[in-house]
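Thanks for coming, everyone. I'll put the structure up and then walk through the fold, the pockets and a few backbone details.

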Amino acid sequence: MTCGFGPLAAFAPTRRMALLYNCDVMGWLTVPEPFAVKDPTNPMFDVAKAFASISSAPFDGNWSGALAQISAAGSGWAGQMLGVSRSGELLYDIGHRLPAEALSEFEQRGGIDPSLNPRAKLLSRPYFETLGDNDVMCAEERSRSPFYTELFGPADAPFVCMARLPGPGGASTVVVSLRSASAGHLVEEDRLRFAMLLPHLAAAIRLQARLDGHGQSLVTDALEAAKLPAFLLSATGSVV
């Protein structure tokens, strides 16, 4: 990964770190000294904290914390991360600083349906492309959209910085930084800062899927090694 874009050049990962992420090793949980700086163009964004939060999320489960850093990278006050299957089914919906009621209304209104929510057009765009509202719709379309007039506007999320990432099993992961009216439309500095984190987030999601897939075998192997009698139950109480 390269990152030679003006103020972001100082935050470019070392070759070793890029290889670790590309190989899904994700083993480093601290960031070297060159990363321990804040972006002067966005005081909300701490690059060291961002990389540490994303890399540790598959292990500590704090995806909300990782999403908080990604939201800050896009100069947003809140964020959202969604999993969408290849068939268009919503797999999960994680919010940062968004009440459960807002997430529920988004889902009930058909938030991942491009015919209802103009921002969902992102699902047909290439992976890792960072987009703002103007990239997927015109101002007139926004003014006619109930999503904007009844949901995004009243929630002070009229602008966005968003991208689509590849997910496990052909699914898509949508990551969104919600920008306030005062923040305005996405600007190039925020676009580049947000894009810088996307490969690392995608690697963390892949690692999470692998850990989830091997979780059952890890537990059963540990019980067998300890020679302990036990039943492994699912979340619904069924014997696995």
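Seven helices and four strands: that is the inventory. Keep in mind that this is a predicted model. Along the sequence, the order of elements reads α-α-α-β-β-α-α-α-β-β-α. The protein has 240 residues, and 45% of them are buried.

Let's take the sheet. The four strands make an open sheet, ordered β2-β1-β4-β3, with antiparallel pairing. Which strands stand at the edges? They are β2 and β3, the latter covering 159-166. Each has a single partner strand, so one side of each has no neighbour in the sheet. From one strand to the next, the twist averages 15°.

Now the pairings. β1 and β4 run antiparallel and are joined by seven bridges. Look at Gly 83: its bridge partner in β4 is Thr 173. Hold on to Thr 173, please. β3 and β4 also pair in the antiparallel sense, over eight bridges. There, Pro 166 stands opposite Ser 172 in β4. The hairpin of β3 and β4 has five residues between the strands. One residue to look at in that hairpin is Gly 169, with a positive phi near 65°.

β3 is an edge strand, yet it is mostly covered. Seven of its eight residues are buried.

On to burial in the helices. How many residues of helix α3 are buried? Ten of the eleven, over residues 63-73, so α3 is largely enclosed by the rest of the structure. The buried set includes Trp 63, Leu 67 and Ile 70. Gln 69 and Ser 71 are on that list too. After α3 comes Ser 75, and its phi is positive, near 55°.

That brings me to the backbone. Most residues other than glycine have a negative phi. So the exceptions deserve a look. Arg 97 has a positive phi, near 65°. You'll find Arg 97 in the loop between β2 and α4. Buried or exposed? Arg 97 is exposed, because its relative accessibility is 56% and the cut-off is over 50%.

Phe 128 is another case, with a positive phi near 70°. Phe 128 belongs to the loop between α4 and α5. Its relative accessible area is 35%, so Phe 128 counts as partly exposed.

That loop between α4 and α5 also holds Pro 118. Pro 118 is buried, at 4% relative accessible area. Its C-alpha atom is separated from that of Asp 133 by 8.6 Å, and the two residues are 15 apart along the chain.

Cysteines, quickly. The structure has zero disulfides. Cys 138 is partly exposed, at 41% relative accessibility. Cys 161 is buried, at 0%.

Now the pockets. The largest one has a volume of about 310 Å³. Its lining has 24 residues. Which of them are closest to the centre? Gln 80, Phe 106, Arg 119, Phe 152 and Leu 178. Four elements give two or more residues each to this lining: β1 (78-84), α4 (100-108), α6 (146-152) and β4 (172-179). By class, the lining of the largest pocket splits into 19 nonpolar, three polar and two charged residues.

The second largest pocket holds about 190 Å³ of space. Here 15 residues form the lining. Closest to the centre are Tyr 92, Pro 168, Thr 173, Ile 205 and Gln 208. So Thr 173 is back: the bridge partner of Gly 83 is also among the residues closest to the centre of this pocket. The elements giving two or more residues are β1, β2 (90-96), β4 and α7 (188-226). Which element gives the largest share? It is α7, with four residues. By class, this lining has nine nonpolar, five polar and one charged residues.

Let me pull it together. We have an open antiparallel sheet of four strands. β1 and β4 are joined by seven bridges. Both strands give residues to the lining of the largest pocket, and both contribute to the second largest pocket. Helix α3 is largely enclosed, because ten of its eleven residues are buried. And in the loop between α4 and α5, we have Phe 128 and Pro 118. Phe 128 is partly exposed, whereas Pro 118 is buried.

Conventions. Residues are numbered from 1 along each chain as its sequence is written. This is a predicted model: local features need pLDDT of at least 70, side-chain atom pairs count only at pLDDT 80 or more; totals for chains, interfaces and linings use all residues. Side-chain values use heavy atoms; hydrogens and water are left out. On a 1 Å grid over the protein atoms alone, a cavity is a set of points where a 1.4 Å probe fits but cannot get out, and a pocket is an open set with protein on both sides within 12 Å along at least five of seven lines; lining residues have an atom within 4 Å of a point. Grid points are joined across faces, edges and corners, and a volume is the space filled by probe spheres set on the points. Ala, Val, Leu, Ile, Met, Phe, Trp, Tyr, Cys and Pro count as nonpolar, Asp, Glu, Lys and Arg as charged, and the others, Gly among them, as polar. A disulfide is a pair of cysteine sulfur atoms within 2.5 Å. Buried means under 20% relative accessible area, exposed over 50%, partly exposed in between (1.4 Å probe, protein chains only). Two strands pair if DSSP finds at least two bridges between them. Axes are lines fitted to C-alpha atoms, for helices over the stretch in contact, and angles run from 0 to 180 degrees between N-to-C directions.
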